[in-house]
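I opened a notebook for this structure. These are my entries, in the order I looked things up.

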Amino acid sequence: MTEQSRSTTVFCIALAGLSAALAVALEIRGASVDGAAVLLLGGLFLLAENESVTLPNNVSWSPSFMLAMAAVVVFRAHGALLGPLYVGMFGGAYLPQIRRRAWRKVLFNAGNFGLSTFATALVYHGFSVGFTGTVGGQILAGIAGALAFAAVNTALIGAIMMLSSHARVGDVVREGWTAGWQIVPFALLGVFLGRLYLEYGAVMVPLFVVPIFIARQTFASFLEFRASHEAAVSILIGALEAKDAYTAGHAERVAKYAHYIGLELNLTPARLERLRFAALMHDVGKLVVPNHLLNKPGRLTPAEFELVRRHEPVSVEILTRIDFLAPVAPSATSEHTHYRPVADEHGQPIEPHIVAVADAYDAMTSTRSYRRALTQQVAFEELRRNAAVQFHPRVVEALISALRRRGEVHGAGHEEDVHAFAVPPPVAGLGSAGLGDLLPESGEVTSR
Amino acid sequence: MKHSMDSPPESSPAGRSGGPSLTVNPRHTLLRVGIVAAIGLLVAAAVQTIGPGGTWTGLVVLGAAAAVAELIALRPAGRAPLSFFYAVIVVIVRAASTGQYFAILAGALALVALVCVAGPLAPRAAVFACRAVGGSLAWVGYAIVTHAHGPGDGRYEVLVALAVALILGLLGDDAVQWALIRVAPSTRGREADLALIASGILMAVGYRGIGSQPDLGLWGPFVFAVPLLGAWYSFERLRSIRTTYEQTIEALSAVPELGGLARRGHAMRVASLGVRLGRELGLDRRTLEQLRTAALLHHLGHLCLDDPQVRGRDIEPGEVADKGAEILRESTVLAPSGDILASDSASLASQVLRAASIIDELTEGDESRLGLALEVLDSGPGYVYDPRVVAAVERVARRADLVATAAR
């Protein structure tokens, strides 16, 4: 056992021990609680923790705090502090962790939830002296209690993270407070649940909890459906794309670059999602172009070029058919993504420009049938040279700084797949989206 | 450019459920909610000025809330939209006298009628019939239980009476729906009803309290509607991601057609016929969904095959299907559809898919020629097409009156 791991163990045991000692001390001083209430609220707390949903940003979300808050309101007089402490300690019995025999985590959670809920009770009761009974006063006290919960919870999680993985204090605090504010609405619900319990007894609790659990269950199936079907669509696109060895993985990479640019430009999560999807689908029309034309190493005849050009309207038609993507359907045409500096930018979605830049960057940094991959430096220069003429300047700079920050290098010498060439592709020519430009008649670009 | 993406209802087993609803155009919902709320509050203010301190003011506000609630619905897959109307109605049932209740109910429905003026008349009228019957039954249910109990306000009696009111109201609504527009009550998506009933009871108790316990007044219904709104948000997200996925598959199904590899609309027609045949043959819902996806994507493999003149030989029968199956099998979600598509599969769903596809070829996309296609299928040797499938085609054709009875 390393020293780091040992100190984590000691910390977890100490935390659970502190909660237990606190409970014993309160009992000795004459505190007593209604066991049935502890079982009901603690059991629901446990259920809520076991049913938590992990959001895409890795924050785990569950309505459990609502039950902690309800416990704070429900227990009064002699049990005002002991009851919430017990209910919180219940929350540590996270079943998967018990099944995995992760006792340290169980001890930590029991101690953490116990002490956090205890702190909530302290603040709530301290705060509500003066306006006991009024709804407004209880709501204010509830919000203060929620912030106390968040503070203790953040401090303890921060401590264990620094012990076990040397996380930075700033990151821990920032994450903790974001999560902290998210529990405030649950504090309000918890206050009302507690009032109901006091006035009408336990029979009201399921009436309150059932819709919340149904909401949670549905939200969980939404997240699950989204994940599995997003995967299905990207696999489908990837498999179709694989017919052309040169552009295999192109859509997935364009989606990745587009996502980087979107993050850099601070798009909302909903727009990021749409952007990723649109980027994945932007070249779908290329599927109607016969293989032998896509892979033609040399120059296309005007007739063949016409056939290749057909893919753009097809892409637009496909994207238009999906309501979610319809607003950014012009992503699929070179005409609409062409940046015009004079155009009025307001109200025009920036997504088509993002896809255009991501597409061009990937086209330049991967080997195509008509040209070998260029280096990243050349690609950057080329994007910058055409910024404000062909590409949206802000989008170009966003891509370059996003890639630099991540230290990602693509292009010649850094390609994912190394191709075996039947006919060695030429070294020059920029092209776009793997479709092969009409090369100059004189054939000044030669194969090597 | 054609936008005929709305599949006929029978073709989608996932069921974008076609119950009556006024929540068809989400773009105008907010505007409508605003108008209804504004009118309701104006009336409430007027009532308050005429007779301050009475019960009417609160009831008018609740009536306006019921009208607003009509515009919001839980829409789980497979169930007709469940509007929030009943959650508010039960609050009024608990708080109003008989005369007050029916006056407010009529007012709320009139308010809804005022802002929902778009769309064909018949389905809108059906909605009002449903709500009027459901609303009356809710009152009847509540009255029966509270009368049986006698005077006084027992906690359990009130809770039971509210639950009975909601259940009767929802059942009545279902029954009228079925009677008027033949939307059969479904067993799916009923967790939405559970959420609505639980929240409705709480909202009613929150407004009026039980016995001598203090109530929350108008705060009550609004606070206890929050969990229900959470459920609504989750159902909407799930629904929109489902729609996007279905539209993506449908859009991809058009790629071979846009590339000139299949007749326009072939994939959609095969999917529609395939699902009808599959239902005729008693396939379960999950298999029907997989069959539909397989049918939509059954030409996709063609896109990955080289041109015959390039590779120097024709495309073999089954080659397109097998290439498609290979692609679909790469993803866990689509793999079952790939299994249906594979040319060596003998499952009933596969037989249905093959028959549906060949029928669309024979009829050249014109379903009125189904009888003709059936004769071709019938005259072939029995081992080529599963006799059960041929019989199902015959039933479908006969029902649509597309096959002359004398000729059989």
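The entries below go from confidence to cores, then to single helices and residues.

**Confidence.** I noted at the start that this is a predicted model. I looked up how sure the predictor is of chain A. Its average pLDDT is 79, and 83% of its residues score at least 70. I then went element by element. Helix 16 (residues 334–337) of chain A has the lowest mean pLDDT, at 59. Helix 11 (residues 250–264) of chain A has the highest, at 92. I marked residues 427–448 of chain A, where pLDDT stays under 50. The model still gives this stretch 49 contacts beyond four places in sequence. I remind myself that coordinates should not be read in detail where pLDDT is low.

**Chain B as a whole.** I counted elements next. Chain B has 18 helices and 2 strands. It holds 408 residues, and 53% of them are buried. I checked how far its contacts reach along the sequence. Of those between residues at least 6 apart, 69% join residues at least 24 apart. Its accessible surface is about 17,900 Å². Carbon and sulfur atoms account for 62% of that surface.

**Cores.** Which residues touch the most other members of the largest nonpolar core? I found L236(A), M281(A), I318(A) and L383(A), in a core of 113 residues. Helix 10 (residues 204–241) of chain A gives the most to this core, with 10 residues. Apart from this core lies another, of 104 residues. Among its members are A37(A), A68(A), I212(A) and A225(B). I went back to L383(A) for its partners. Beyond four places in sequence, L383(A) contacts V357(A), A360(A), Y361(A), M364(A), F391(A), V396(A) and L399(A).

**Helix 11 of chain B.** This helix covers residues 266–280, 15 in number. From first C-alpha to last it reaches 21 Å, close to the 21 Å expected at 1.5 Å a residue. I listed its buried residues: H266(B), A267(B), V270(B), A271(B), S272(B), L273(B), G274(B), V275(B), L277(B) and G278(B). What do the buried residues pack against? I found helix 9 (226–253), helix 10 (255–258), helix 12 (285–296), helix 16 (348–362) and helix 18 (387–399), which belong to chain B. Just after the helix, G282(B) takes a positive phi of about 80 degrees.

**Positive phi without glycine.** I looked at two residues of chain A. R101(A) has a positive phi of about 55 degrees, though it is not a glycine. R101(A) sits in the loop between helix 5 (95–99) and helix 6 of chain A. Is R101(A) buried or exposed? It counts as exposed because its relative accessible area is 61%, and the cut-off is over 50%. N266(A) is not a glycine either, and its phi is positive, near 60 degrees. Its place is the loop between helix 11 and helix 12 (269–281) of chain A. N266(A) is exposed, with a relative accessible area of 66%.

**An asparagine in a helix.** N109(A) lies in helix 6 (residues 103–128) of chain A. At 15% relative accessibility it counts as buried, because the cut-off is under 20%. Beyond four places in sequence, N109(A) contacts G92(A), Q97(A) and G114(A).

**Cysteines.** I searched for disulfides and found 0 over all chains. I still checked two cysteines of chain B. C130(B) is buried, with a relative accessible area of 1%. C304(B) is buried too, at 11%.

Conventions. Residues numbered from 1 in each chain as written. Chains lettered and ligands numbered in written order. Predicted model: local features only at pLDDT ≥ 70, side-chain atom pairs only at ≥ 80, totals over all residues. Heavy atoms only, no water. Helix = DSSP H or I, 4+ residues; strand = E, 2+ residues; numbered from the N terminus. Expected span 1.5 Å × (residues − 1). Buried < 20%, exposed > 50% of the residue type's maximum accessible area, 1.4 Å probe, protein only. Contact = heavy atoms within 4.5 Å. pLDDT = per-residue confidence, 0-100. Core = buried A, V, L, I, M, F, W, Y, C linked by side-chain atoms within 4.5 Å. Disulfide = S-S within 2.5 Å. Areas by Shrake-Rupley, 256 points an atom, 1.4 Å probe, with all protein chains shown as cover.
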